[in-house]
Amino acid sequence: MSSEPSQGSTGDVSAPLSCTFCDCRLTEQLLALQSYPGAEATLPTAIPDHGGLTLCPDCASEVVELITSWHRHGQPPVGDDRSIGEGYRAIASTCSFCTNSCDDAVLGVELYRRIGDELPAYANYTLCENCQPVFGEFLENVRGQTEN
Ligand SMILES: [Zn+2]
Ligand SMILES: [Zn+2]
């Protein structure tokens, strides 16, 4: 209740929300991510078209584990002349996952709700072209597990 990241976040949490993967009704305990593809990138298929993921604690546990290993970077610059995805491209020189340099087709990921203390309350990450399908497949697997 004390650390609602209401400022600086472009994500908007409005109740009631349901889990993107298992469709259960979410409580205060949720993981929320917003993805912003750069101009030459596309969203992995496991992510809805609006780029938002809101996950219940069950679905989020493996995702939290993965993101804990990512390297966060500063907030992307926001300007009228470019998309948010392009802002991520401007600020990130290396991939948050594999740490290789990332160039054109970046995927920005904004974390704005967390579960537990493993992750910061708010963080920004960028994935390179190679890691985006890996992240997509990972999410597909997590979603597949919840459907059984
Ligand atoms: Zn769920
Ligand atoms: Zn990478």
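Helix H2, which spans residues 84–91 in this predicted model, is mostly covered, since 6 of its 8 residues are buried. Those buried residues are Ile84, Gly85, Glu86, Gly87, Tyr88 and Arg89. Among the elements that cover them are three strands, namely S1 (31–37), S3 (107–113) and S4 (123–127).

To place this helix in its setting, it helps to step back to the whole protein chain, whose secondary structure comes to 3 helices and 4 strands. Read from the N terminus, these elements follow the order β-β-α-α-β-β-α. Of the 148 residues in the chain, 39% count as buried. Among contacts with a separation of 6 or more, 69% join residues that stand 24 or more positions apart.

The largest nonpolar core has 38 residues, and the ones that touch the most other members are Leu31, Leu55, Cys56, Cys59, Val106, Leu111 and Leu127. At least two residues of this core come from each of S1, strand S2 (52–55), helix H1 (57–68), H2, S3, S4 and helix H3 (131–146).

Val106, one of those core residues with the most touching members, leads back to the covered helix. Once its neighbours within four places in sequence are left aside, Val106 is in contact with Gly85, Tyr88 and Arg89, which are also listed among the buried residues of H2. The other contacts of Val106 are Gly38, Ala41, Ala92, Thr126, Leu127 and Cys128, and of these Leu127 is itself one of the core residues that touch the most other members.

Two leucines show how strand S1 and the segment before it are surrounded. Leu33 lies in strand S1, and it counts as buried because 24 C-beta neighbours are found inside 10 Å, where 20 or more are needed. Setting aside residues up to four places away in sequence, Leu33 touches Leu53, Val109, Glu110 and Leu111. Its C-alpha atom is separated by 9.9 Å from that of Ile47, a residue 14 positions away along the chain.

Leu30, by contrast, is found in the segment before S1, yet Leu30 also counts as buried, because it has 21 C-beta neighbours inside 10 Å. Apart from neighbours within four places in sequence, Leu30 is in contact with Leu17, Thr54, Leu55, Cys56, Arg113 and Ile115. Arg113 is 83 residues away from Leu30 along the chain, while the C-alpha atoms of the two are separated by 6.5 Å. Leu55 and Cys56, two further contacts of Leu30, are named among the core residues that touch the most other members.

Terms used: Residues are numbered from 1 along each chain as its sequence is written. Chains are lettered from A and ligands numbered from 1 in the order in which they are written. This is a predicted model: local features need pLDDT of at least 70, side-chain atom pairs count only at pLDDT 80 or more; totals for chains, interfaces and linings use all residues. A residue is buried if 20 or more other C-beta atoms lie within 10 Å of its own, exposed if 12 or fewer, and partly exposed in between; C-beta atoms are placed from the backbone. Two residues are in contact if their C-beta atoms, placed from the backbone, lie within 7 Å. A nonpolar core is a set of buried Ala, Val, Leu, Ile, Met, Phe, Trp, Tyr and Cys residues joined through C-beta atoms within 7 Å.
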